[in-house]
Amino acid sequence: KGSAKQYTYFSKDNPNGNMYATSDSKIVEQFLDHINTKMPHITDIVIDDNTFLTALELHRRKSEGWDRFDVILDNFLKLVEKSKNLREGLTVYFLHHTKVEGDGLLEDKVTSAMSYGKALDQKMGSMEAHFTVVLRAAKESDGNTIDYVFYTRDAHSTVKTPIGMFETEKIPNDLKMVKEAINCYYNEEC
């Protein structure tokens with residue numbers, strides 16, 4: 001609530017803006033550098049969403065043949081590596097759409113981050129392998145109310161968190177709470 005006041009687009013006319021829209025991973029990488037060095041008041045970056053960042057890049061490069069998968073994978077890995085080497089206290093959240101594989105009869109159903117193309121999956125393994133904390137967002141209903149949650153552990157997905165970071169397998173869908181849990185676990189800032 002109140003997001004129009006909290007988030008304004010970054011531009012030449014608004015250099016203090018804290019939101020930017022692009023489908024070019026190289027521009028995202030430049031913004032990570034800019035925020036890291038010139039915007040100390042920003043402590044959280046949300047890349048929303050990396051699935052479509054990849055999809056749009058794949059579409060733009062459709063004439064490049066199979067080499068495009070190498071370029072897209074390289075760009076993704078550069079973003080991940082860059083996000084791990086930013087200043088202390090700056091957290092980057094990569095949001096992805098999910099996919100479910102398996103029919104539930106002959107194979108277990110497994111939910112994982114969506115990627116575009118088996119070629120990317122084969123080259124990369126899983127996207128989740130590049131992160132220590134992987135949560136899955138879900139919408140749940142008891143018939144009367146709808147709750148938005150994050151799963152911290154789930155046997156039927158690629159969700160993973162370090163043992164002891166979260167006490168329960170489900171938490172409220174609240175990135176501030178997630179950041180506090182991460183800081184408490186790694187930095188003992190509880």
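Which residue in β6 does K139 stand opposite? Select K139 in this predicted model and look across to β6, where Y148 stands opposite.

Next, display the whole of the two strands involved. β5 and β6 (residues 146–151) run antiparallel and are joined by 6 bridges. Adding β7 completes an open sheet of 3 strands, ordered β5-β6-β7, with antiparallel pairing. The edges are held by β5 (136–141) and β7 (170–172); each has a single partner strand, so one side of each is left without a neighbour in the sheet. On average, neighbouring strands of this sheet are turned by 45° against each other, direction ignored.

Remaining in this region, show the side chains of R136 and Y151. The charged end of R136 sits over the ring of Y151, at 4.5 Å from the ring centre.

Now turn to the aromatic rings, among which there are 6 aromatic pairs. Select F10 and F31: this pair is edge-to-face, with 5.1 Å centre to centre and 90° between the planes. The two residues are 21 residues apart and link distant parts of the chain, F10 lying in the loop between α1 (3–6) and α2 (25–38) and F31 in helix α2. F31 is buried, its relative accessible area being 16%. Add Y20 to the selection to see one aromatic cluster formed by F10, Y20 and F31.

Finally, select F76 and F94. Their ring centres lie 6.5 Å apart and their planes stand at 75°, so this pair is edge-to-face. Here too distant parts of the chain are linked: F76 belongs to helix α4 (residues 67–84) and F94 to strand β2 (residues 91–94), 18 residues apart. Both F76 and F94 are buried.

Key: Residues are numbered from 1 along each chain as its sequence is written. This is a predicted model: local features need pLDDT of at least 70, side-chain atom pairs count only at pLDDT 80 or more; totals for chains, interfaces and linings use all residues. Side-chain values use heavy atoms; hydrogens and water are left out. Rings of Phe, Tyr and Trp (its six-membered ring) pair if their centres lie within 6.5 Å; planes under 30 degrees apart count as stacked, over 60 as edge-to-face and the rest as tilted. Helices (H or I, at least four residues) and strands (E, at least two) are DSSP runs, numbered from the N terminus. Buried means under 20% relative accessible area, exposed over 50%, partly exposed in between (1.4 Å probe, protein chains only). A charge sits over a ring if NZ of Lys or CZ of Arg is within 6 Å of the ring centre and within 35 degrees of the ring normal. Two strands pair if DSSP finds at least two bridges between them. Axes are lines fitted to C-alpha atoms, for helices over the stretch in contact, and angles run from 0 to 180 degrees between N-to-C directions.
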